[in-house]
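Hi,

Here is the structure I promised to send over. Have a look at it first, and my notes on what turned up follow below.

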Amino acid sequence: MSRPVRAIIDIATLRQNLRLAKHHAPKSRVMAVIKANGYGHGLLRVANALGDADGFAVADIDEGLALRQAGHRKPICLLTGFHDPADLNEVLHHDLTVVLHSMHQIDALESAGANQSLRVWVKIDTGMHRVGFALEELDEVLRRLSQLSLVPTCLMSHLANADDRDDPYTCDQLEKFQACCQSHPYPRSLANSAGIMAWKETHFDWVRPGIMLYGLTPLLGCDARELGLRQAMSFESRLIAVKPLQAGDPVGYGGDWVCPESMVVGVVACGYGDGYLRHAPSGTPLLVDQHPAPLVGRVSMDMLTVDLRNHPRPRVGDRVTLWGMSLPADEIAQRAGTIAYELVCGITPRVPRLEVNQS
Ligand SMILES: Cc1ncc(COP(=O)(O)O)c(C=O)c1O
């Protein structure tokens, strides 16, 4: 029998989260961000679920081609554009949209004698300082594109701090974006999930929700459920051993955690080889048959151990929730000093994904 660890993806919940994004930005088109294998939920599964989106954004050409090969006909935007000019033929052939963000790409388009039917978005750096043209480069970029008969279908930028509703940096970015786009007649795109939910002025023509589609919070200090989001992924496994131990017994590698009294420890079939965070500290919450069962000791590759003192009758085979509807991934992430993006993207390929609520 295979190991009992599973990621369960609720399809109706993905759709409901998309409806919420549309509700917040009713005048914008929605480019659903489904890169990194649909934030770990499965690229095609998420694309199939989100048929009401106006387009999809992915990281690279491989994900774009996978969507086209599966029959998706909506606009597909490659968020980091093209890396190798040799990919441009495939990009054109499959009608993918490339984000242009640096001069070497413009040089490459000029050398390749770019075809005018190539679809491009132009990314401007308004303050993230990762990729994107400097504000003062935009005019030159647009001039060079026009010489190639290329007309951008959108001008975009990306928000660095929108998760913090009180951070004025988003207003700075917005001002810069408006100032540099104002003399150009192209559609615009700025908002990620945090922008959609907290910064109405950033919505423009296309919004680009990612994390909110999966029901995880885009806003610091805000519970996803209070924002009306529902977590689409549950990560589950089962107890594979129940061990009575004595006071003073160390548990797991390094013996970091020591039983404070005579107690029962449960062994769960899930470890960092499945994507559970190795650095999750003792005390990180889990549920065993809905009873709180905090993590104790170090997470190993295939197993982790839990404190079963709150469970009246633990048994091998009991269902374990690593995160799910009643245990937000956001809470686990916070305990482990990370963000839920890392949790869901980190589920490894050996974990089967199951779908529920398809209709
Ligand atoms: C360019 C761009 N737009 C939108 C998003 C979606 O962001 P979020 O998942 O925070 O909504 C991302 C994600 O990293 C991104 O890189």
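A cut-off to start with: a residue is called buried when its relative accessible area is under 20%, exposed when that area is over 50%, and partly exposed in between. Val5 sits at 1% relative accessibility, so it counts as buried. Please keep in mind that this is a predicted model.

Since we're on Val5, let's stay there for a moment. This residue belongs to the segment before strand S1, which covers 6-10. What does Val5 touch, once its neighbours within four places in sequence are left aside? The contacts are Phe235, Glu236, Ser237, Ala269, Cys270, Asp274, Val351 and Pro352. Met212 is 207 residues away from Val5 along the chain, and their C-alpha atoms are separated by 25 Å.

Now the overall picture. The protein has 359 residues, and 54% of them are buried. You'll find 11 helices and 19 strands in the fold, and the C-alpha trace spans about 75 × 45 × 40 Å along its principal axes. If you take the contacts between residues at least 6 apart in sequence, 64% of them join residues at least 24 apart.

On the outside, the accessible surface is about 15700 Å², with 50% of it belonging to carbon and sulfur atoms. As for charge, I get 35 positive and 40 negative side chains, and the centres of these two sets lie 7 Å apart.

Another residue to click on is Gly266, in strand S13 (residues 263-268). Is Gly266 buried or exposed? Its relative accessibility is 0%, so Gly266 counts as buried. Not counting residues up to four places away in sequence, Gly266 touches Leu239, Ala241, Leu304, Thr305, Val306 and Leu308. Thr348 is 82 residues from Gly266 in sequence, and the C-alpha to C-alpha distance between the two is 23 Å.

Next, the spaces in the protein. The largest pocket holds about 1000 Å³. Its lining takes in 44 residues, and those nearest the pocket centre are Ile211, Thr217, Pro218, Ile339 and Tyr341. Four helices each give two or more residues to that lining: H2 (35-39), H9 (193-198), H10 (329-335) and H11 (340-345). Which of them gives the largest share of the lining? That is H10, with 4 residues.

There is also an enclosed space. Searching the whole structure for cavities of 30 Å³ or more turns up 1, and the largest cavity has a volume of about 30 Å³. Its lining is made up of Asp60, Ile61, Leu78, Gly81, Phe82, His83, Asp87 and Val91.

Last, a couple of backbone oddities. Most residues other than glycine have a negative phi. Phe204, in the loop between H9 and strand S9 (206-207), has a positive phi near 50 degrees. Asp289 also has a positive phi, near 45 degrees, and lies in the loop between strand S14 (287-288) and strand S15 (291-292). With a relative accessibility of 36%, Asp289 falls between the two cut-offs and so counts as partly exposed.

That's what I have for now. Shout if you'd like to go through any of it together.

Cheers

Conventions:
Residues numbered from 1 in each chain as written. Predicted model: local features only at pLDDT ≥ 70, side-chain atom pairs only at ≥ 80, totals over all residues. Heavy atoms only, no water. Buried < 20%, exposed > 50% of the residue type's maximum accessible area, 1.4 Å probe, protein only. Contact = heavy atoms within 4.5 Å. Areas by Shrake-Rupley, 256 points an atom, 1.4 Å probe, with all protein chains shown as cover. Lys, Arg positive; Asp, Glu negative; His and termini not counted. Charge placed at Lys NZ, Arg CZ, Asp CG, Glu CD. 1 Å grid on protein atoms, 1.4 Å probe; cavity = no way out; pocket = protein on both sides within 12 Å on 5 of 7 lines; lining within 4 Å. Points joined across faces, edges and corners; volume = space filled by probe spheres on them.
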